[in-house]
Amino acid sequence: MSSHKPHGLEHEIWVPADPDYHGHANYLKVYIALLVFFALTVFASFIGNPMIVFIIVFSISIIKGSMVLLYFMHLKWEPKLIWILLGLALMTLTFLIVGLYPDVVPVTRYLVPKP
Amino acid sequence: MNTTVSKKITWRDIPQARLAVWTLIAGEFAIFGGLIVMYILNRIKYESWGEMAQHTNVIAGTVNTFVLLTSSYFVVKAHEAAVYRNKAKIKMWIWLTILCALIFLGIKTYEYSHEIMHGFTLPGKHLLAEGKNVDTMYWGFYYTMTGLHGLHVVAGALALFFVMRGVTKTGENYHRIEAAGLYWHMVDIIWIFLFPLIYLIH
């Protein structure tokens with residue numbers, strides 16, 4: 001265990017009381033990185049083409065969401081069971097997309113060319 | 001990122017409260033994920049959704065995103081304070097988070113009132129009667145996604161308040177701060193995806 005004390009807690013008790021405390025990322029750095037990505041998202045929206053905007057901002061959202069999950073929610077230090085739980089949710093979502101896609105977006109390709 | 005401790009626990013050691021909240025979060029991701037995917041597919045299908053999205057208040061959405069990101073930082077600091085059993089800091093960080101929740105809800109209420117006043121309602125009768133173009137399905141999705149998210153903000157703020165009150169009064173169950181905090185982060189993650197989709201892609 002490092003002897004480094006978290007910022008703002010220098011005068012408090014030092015030994016973490018929770019035996020399974022995962023430690024802490026530098027939360028301030030993560031927060032600042034999130035704000036930088038947030039600013040990039042807003043700037044990207046000024047690009048004219050909606051499809052390009054969508055690809056850029058959605059990719060940034062995935063990065064931001066992953067940062068919150070990994071560092072603020074400590075997923076990085078959680079056992080595999082939690083990863084499996086979230087994986088199951090994503091799998092359910094994938095089935096939902098594949099199942100509903102033909103109903104929402106009309107399929108315009110034909111196996112046999114239209115006469 | 002720099003970490004001070006890297007102790008890994010096994011699945012047998014996960015506290016029940018944390019496991020329960022993670023299970024809830026997995027379910028919530030499937031629900032909101034479904035809504036988001038359906039929104040994207042419909043957005044691709046209907047050109048008019050882009051026009052409708054131009055009527056959302058981008059500044060309000062941007063401020064709200066900043067508020068929620070900041071609240072996520074406050075909550076993780078509250079968790080850190082809970083680990084060190086520091087009641088005063090727990091109170092401070094949780095109150096700041098609740099303040100963020102109230103700001104978020106206030107801005108959202110302002111947005112809703114303006115949109116409803118301008119006729120962007122689920123039936124959209126006034127605008128249709130005036131011969132104006134209104135895609136009511138877009139606004140159906142908009143109110144469902146943001147409304148459901150708003151309810152989660154209310155639930156998260158209430159959970160944080162009651163957990164903080166219990167912990168600071170009794171000096172027990174500090175782990176509940178982390179559990180309620182996890183829920184709050186989930187609310188933040190959902191907004192991270194809703195914000196660009198609803199407000200920025202026209």
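A crossing is left-handed if the near helix is turned anticlockwise from the far one by less than a right angle. I note this at the top for the helix pairs below. The model I am reading is predicted.

**Entry 1: α3 and α4 of chain B**

I looked up how α3(B) packs on helix α4 of chain B, residues 87-117. The two axes come within 8 Å and cross at roughly 160°. That angle makes α3(B) roughly antiparallel to α4(B), since angles over 145 degrees count as such. I then checked the hand, and the crossing of α3(B) and α4(B) is left-handed.

**Entry 2: α3(B) by itself**

Does the length of α3(B) fall short of its expected span or agree with it? Helix α3 of chain B covers residues 58-83, which is 26 residues. At 1.5 Å a residue these should span 38 Å, and the end C-alpha atoms are 38 Å apart, so the two agree. I also looked at burial: 19 of the 26 residues of α3(B) are buried, so the rest of the structure largely encloses this helix.

**Entry 3: the loop after α3(B)**

I went on to R85(B), which sits in the loop between α3 and α4 of chain B, just after α3(B). Its phi is near 55°, a positive value in a residue other than glycine. I count 16 other C-beta atoms within 10 Å of R85(B), so this residue is partly exposed.

**Entry 4: α6 and α7 of chain B**

I looked up a second pair, helix α6 (residues 136-170) and α7(B). Their axes come within 9 Å and cross at roughly 160°. α6(B) and α7(B) are therefore roughly antiparallel to each other. The crossing of α6(B) and α7(B) is left-handed. Which residues make the contact? From α6(B) I list, among others, Y142(B), M145(B), H149(B), H152(B), G156(B), L160(B) and V163(B). The α7(B) side includes I177(B), A180(B), Y183(B), W184(B), V187(B), W191(B), L194(B) and I198(B). The spacing in such lists calls for a reminder: an α-helix has 3.6 residues a turn, so residues three or four places apart point the same way.

Between these two helices I checked N173(B), in the loop between α6 and α7 of chain B. Phi of N173(B) is near 55°, again a positive value in a residue other than glycine. With 13 other C-beta atoms within 10 Å, N173(B) is partly exposed.

**Entry 5: α7(B) by itself**

Helix α7 of chain B takes in residues 175-200, 26 in number. I compared its expected span of 38 Å, at 1.5 Å a residue, with the 38 Å between its end C-alpha atoms, and the figures agree. Where is the kink in α7(B)? I find a kink of about 30° at L194(B), shortly before the proline P196(B). α7(B) is mostly covered, with 25 of its 26 residues buried.

**Entry 6: I198(B)**

I picked I198(B), a residue of helix α7 of chain B. Is I198(B) buried or exposed? I find 22 C-beta neighbours inside 10 Å, so I198(B) counts as buried, the cut-off being 20 or more. Leaving out residues up to four places away in sequence, I198(B) touches A53(B), T56(B), G61(B) and Y142(B). I also looked at R43(B): its C-alpha atom and that of I198(B) are separated by 10.0 Å, with the two residues 155 apart along the chain.

**Entry 7: chain A**

I turned last to chain A, which has three helices and zero strands. The order from the N terminus is α-α-α. Of its 115 residues, 22% count as buried.

Conventions:
Residues are numbered from 1 along each chain as its sequence is written. Chains are lettered from A and ligands numbered from 1 in the order in which they are written. This is a predicted model: local features need pLDDT of at least 70, side-chain atom pairs count only at pLDDT 80 or more; totals for chains, interfaces and linings use all residues. Helices (H or I, at least four residues) and strands (E, at least two) are DSSP runs, numbered from the N terminus. A residue is buried if 20 or more other C-beta atoms lie within 10 Å of its own, exposed if 12 or fewer, and partly exposed in between; C-beta atoms are placed from the backbone. The expected span of a helix is 1.5 Å times one less than its number of residues. The bend at a residue is the angle between axes fitted to the seven residues ending there and the seven starting there. Axes are lines fitted to C-alpha atoms, for helices over the stretch in contact, and angles run from 0 to 180 degrees between N-to-C directions. Angles under 35 degrees count as roughly parallel, over 145 as roughly antiparallel, 65 to 115 as roughly perpendicular and the rest as oblique. Two residues are in contact if their C-beta atoms, placed from the backbone, lie within 7 Å.
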